[in-house]
Amino acid sequence: MHHTPESMRALRLVGDELADTTVETLFERGEVGRFNTLMRYFSTAGQELPEGLPDVAHEYLRATAAPPAWVDWDEMERARLFFIDNNVHVSTALAFSAMPACYVIPHVARLLSATHGLEFPSRRMAETGQFTVYLMQPDAFEAGSRFVPAVQKVRLLHASVRYHMRREGLWDEEALGTPICQEDMIGGLMIFSIQVLDALHRLGVHMSAEGAASYFYAWRVVGEMLGISPGQAPADLDEARRFSDLYMTRYMGPSEEGARLTRQLIDLYEEVVPGTLLDPVVAALIRYLVGDTCADWLQVPRSAWDTAVRTSPALLGVLESIEDRSPLGAWALDRLGHLTTHLELSSLTRGRVMQYAVPERLREEYGLGSTASRADRWVPPPPVFPS
Amino acid sequence: MILERGSTTRLHRASGAVITVVPRRGWGNTVAHTGDGAESERVSDPVLIAAGAADLVVEGVGTALRRAGALLGRSDLAALAQDGREELRQRGRLALRRHARATESHMELLARRAASRGTGPGDA
């Protein structure tokens, strides 16, 4: 859909009716605890629903079990191949660019700090990472897949955040509309799709136009499964550029929460990076990917590494050339990428399976206050600014 | 520097080193002009090349030694080291500029646009 600032404003008032009704009913009937317990046993598509599951949850899980009817499976297969080719780059872009991009939208930063807790960003990172890995499995949309149940649970998780933010008066509805509204959901979709492609481009990753388009397509499918109203998400990368630029330029700015979340994120990554010598690389890479203005808003520390990191596209360019020219080199780098991604993910999940449970209360559930610490190359479309 | 005793050819260079070469049987001889007014005799190619290379090394070493000697006598060693560091830094900067991308990140362009429009946390 071709959006204008006016059509986007209208999206601020709309949430996700199906999931919202389900969650409200579960809370009204006091069935959230039972639901969460039983849902731990429901983790693969096609599996029989656990006995004793509340009726409303039953109906929700049936209604959301299938991907949209319009899905082109050849396109999805191309997306999967794109992810296999670029998995380590995509993970890097998600971690060092997409997460800070969420924090640069002040109302999103405020919502995130109210939900996943200032001291505990690793949980959301682990959930996002596991979600992406599930999405890119060959059988993501088949019986036995872990992806579809994960989507169903995340959609309810978002609905429960809406429920709690409203009930606890943590959200200024008059100024900001509905919490996790349609505009913010599509904005999030842009951050994880076209903005990740922007970051890959900045890292010097060689992408085909077909690969980039299919990566975006896969996220568009996921967006609809996560509750974006059918037909509302941008249809292709050009429309995505327009939506993404309008959304970002309208809202992006500094905030106390954004800076604090970024500090937590950097600390978390520094824990994952072995030793301390390379710790400043984390901040330098974020600064390189999001640019100085955003990095200053988020108070990303400066260091001598800022200059050194700028050579990373040149270094990556060498690896990419090897990959382009030699099948053996491509295979070796693929294996290395695969290992790196899994190492990154397992250091975040620490062996847990993320359950995406519906939080009964925001702060306790999320640990707030806890002390735990190629030939046809694609280039991003130019910025689209409102006149 | 003497390559071999009892030679028939001597080459004099500005460095003061004397290179003595012996023509050997079986090698193709050629006429070598040293250009410094010394003897001009028939010298084989490989010998001439070896002599040239040796000369180059000797000149380099000689110059380096003279510079080192002069250096030790200087009182501004620290400033000199600072200059050297600065030169390396400048070289590094140029090298990085050669390799790094000149373009800004897309997010940076958007952020500047947002900042110029005065948008911020309260404008949502």
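## Close-up views of chains A and B

**View 1. A nonpolar spot on the surface of chain A.** At 69% relative accessibility, A:Leu277 counts as exposed, because the cut-off for that word is over 50%. This is a predicted model, so please read each view with that in mind. A:Leu277 sits in the loop that links α14 (256-272) and α15 (279-290) of chain A. Together with A:Leu278 and A:Trp305, A:Leu277 makes up a nonpolar surface patch, and the three share about 310 Å² of accessible area.

**View 2. Cysteines of chain A, and a search for disulfides.** Are A:Cys102 and A:Cys294 buried or exposed? A:Cys102 has a relative accessible area of 4%, so A:Cys102 is buried. A:Cys294 has 0% relative accessibility and therefore counts as buried. How many disulfides does a search of the whole structure find? The search finds zero over all chains. As a reminder, a disulfide is a covalent bond between the sulfur atoms of two cysteines.

**View 3. Chain B as a whole.** Here we step back to take in the full chain. Chain B contains four strands and three helices, and from the N terminus on the order is β-β-β-β-α-α-α. Chain B has 124 residues, of which 20% count as buried. Its accessible surface comes to about 8800 Å², and carbon and sulfur atoms hold 55% of that. If you like contact maps, consider the contacts in chain B between residues at least 6 apart in sequence: 25% of them join residues at least 24 apart.

**View 4. Helix α3 of chain B and its cover from chain A.** Which residues of α3 (residues 106-116) in chain B are buried? They are B:His106, B:Met107, B:Glu108, B:Leu110, B:Ala111 and B:Ala114. An α-helix has 3.6 residues a turn, so residues three or four places apart point the same way. The cover over the buried residues of α3(B) includes several helices of chain A: α5 (73-103), α11 (194-202), α13 (237-251), α15 and α16 (292-297).

**View 5. A:Gln195 and its contacts.** A:Gln195 belongs to helix α11 of chain A, one of the elements that cover the buried residues of α3(B). Its relative accessibility is 7%, so A:Gln195 counts as buried. What does A:Gln195 touch, leaving aside residues up to four places away in sequence? Within chain A, the partners are A:Ser97, A:Ala101, A:Met190, A:Ser244 and A:Met248. From chain B comes B:Met107, which is among the buried residues of α3 in View 4.

Terms used. Residues numbered from 1 in each chain as written. Chains lettered and ligands numbered in written order. Predicted model: local features only at pLDDT ≥ 70, side-chain atom pairs only at ≥ 80, totals over all residues. Heavy atoms only, no water. Patch = residues over 30% accessible without salt bridge, like charges linked within 9 Å, V, L, I, M, F, W, Y side chains within 5 Å. Areas by Shrake-Rupley, 256 points an atom, 1.4 Å probe, with all protein chains shown as cover. Salt bridge = Lys/Arg side-chain N within 4 Å of Asp/Glu carboxyl O. Helix = DSSP H or I, 4+ residues; strand = E, 2+ residues; numbered from the N terminus. Buried < 20%, exposed > 50% of the residue type's maximum accessible area, 1.4 Å probe, protein only. Disulfide = S-S within 2.5 Å. Contact = heavy atoms within 4.5 Å.
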